[in-house]
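Okay everyone, thanks for coming. Let's take a look at this one together, and I'll talk you through where two chains meet.

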Amino acid sequence: MSTSAQQGRLVAVVEASQSVETAAQLLAESGADGLVVMSNGAPVGLVTDHDLALRVAGVDADPASTLVGSVMSEPLITVDPGASFAEVVKLMRTHGIRRIPIVKDGRLAGMVELDDLLITLAGEFGDLAECLRREISMHRDVSGPRYQVKMGRIGWHPHLRWKT
Amino acid sequence: MTTSQHAARPAHGVSPAASVMEAMVLMQGLPEGCLVVVDGNNLPLGILTGRDVALRVVGAGLRASAVRVDAVMSQPVFTIPNRASLEEVTRSLKSCGVRRLPMVGDDGKLAGIVTAGDLFTVLWGDLSLFGAGLLADP
């Protein structure tokens, strides 16, 4: 197993010619929930713990003699390091995937995962919320009601009033 | 707002005595990506995820038909009352370090499941409404 930390997360990899038993052990060692499958130095597919459960255990295959290449998801969807946030999200949505390897000049350069995007987005929302909070405090008054959005529920906030 | 109304989906139970192969056949196509292991009274005993099976069955070189579900399921199973609020579910997902929480009724029986993805979708819907409100009254 080799790793790359150039972009996003460390990337755990497995060879297409290795057994699924080895792949599962690599998943355990790395803590990753998916491995990029390599063949002749190039990324060719992706295999997740879920794939191993359904495509190996689900058909009662022998883990020692089943090769990663026979259960991996392909073709591999990749992005180049310059891809925008929107491009990555669109690809994930179109293909129903949560992780996309970053490939530069045919070589694996990293991995971008939906969780990472979500954390980035949450930070942006936090900044936006701070802008709104400052604006609200500038206009705070006692003349009108305002609602507060709290964790998905719109609730009454009696202390915050809005200048009209 | 309660989770059972907005974020929950039906949970799928499996017997602890079933084979892992049978369980994985059941799990095909389930969006929640797990099975809740229940006893004969539908009380949760554990949870079986794809990762449990990958690491403890495939990684151990075992044939799935020869392994019982209760030998590889994750325990203890964290559950949440089906009347819990979104905040309570979010807090529990975070404190338990899990992506899925089976929900139980007052009798302790399996009543559904809520996942981090479902929760996010509900929150995202509210955020979109909030955004529309900001646009309407900038």
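So, straight to the helix pair: α1(A) and α3(B) are oblique to each other, oblique being whatever is left once you take out angles under 35 degrees (roughly parallel), over 145 (roughly antiparallel) and 65 to 115 (roughly perpendicular). This is a predicted model, where local features need pLDDT of at least 70 and side-chain atom pairs count only at 80 or more, while totals for chains, interfaces and linings use all residues. Residues are numbered from 1 along each chain as written, with chains lettered from A and ligands numbered from 1 in written order.

Back to our pair. α1 of chain A covers residues 20–30, and it packs on α3(B) at about 120°, axes 8 Å apart. Those axes are lines fitted to C-alpha atoms over the stretch in contact, with angles from 0 to 180 degrees between N-to-C directions. Helices here are DSSP runs, H or I, of at least four residues, and strands are E runs of at least two, numbered from the N terminus.

Who's touching? From α1(A) we have Val20(A), Glu21(A), Ala24(A), Leu27(A) and Ala28(A), and from α3(B), Ala54(B), Leu55(B) and Val58(B). Contact means C-beta atoms, placed from the backbone, within 7 Å.

Zooming out, 27 residues of chain B contact 23 of chain A. On chain B's side, α2, α3, α5 and α6 each give two or more residues, and α3(B) gives the most, with 7.

As for chain B itself, there are 6 helices and 6 strands, and its C-alpha trace spans about 60 × 30 × 25 Å along the principal axes.

Notes: Contact = placed C-beta atoms within 7 Å.
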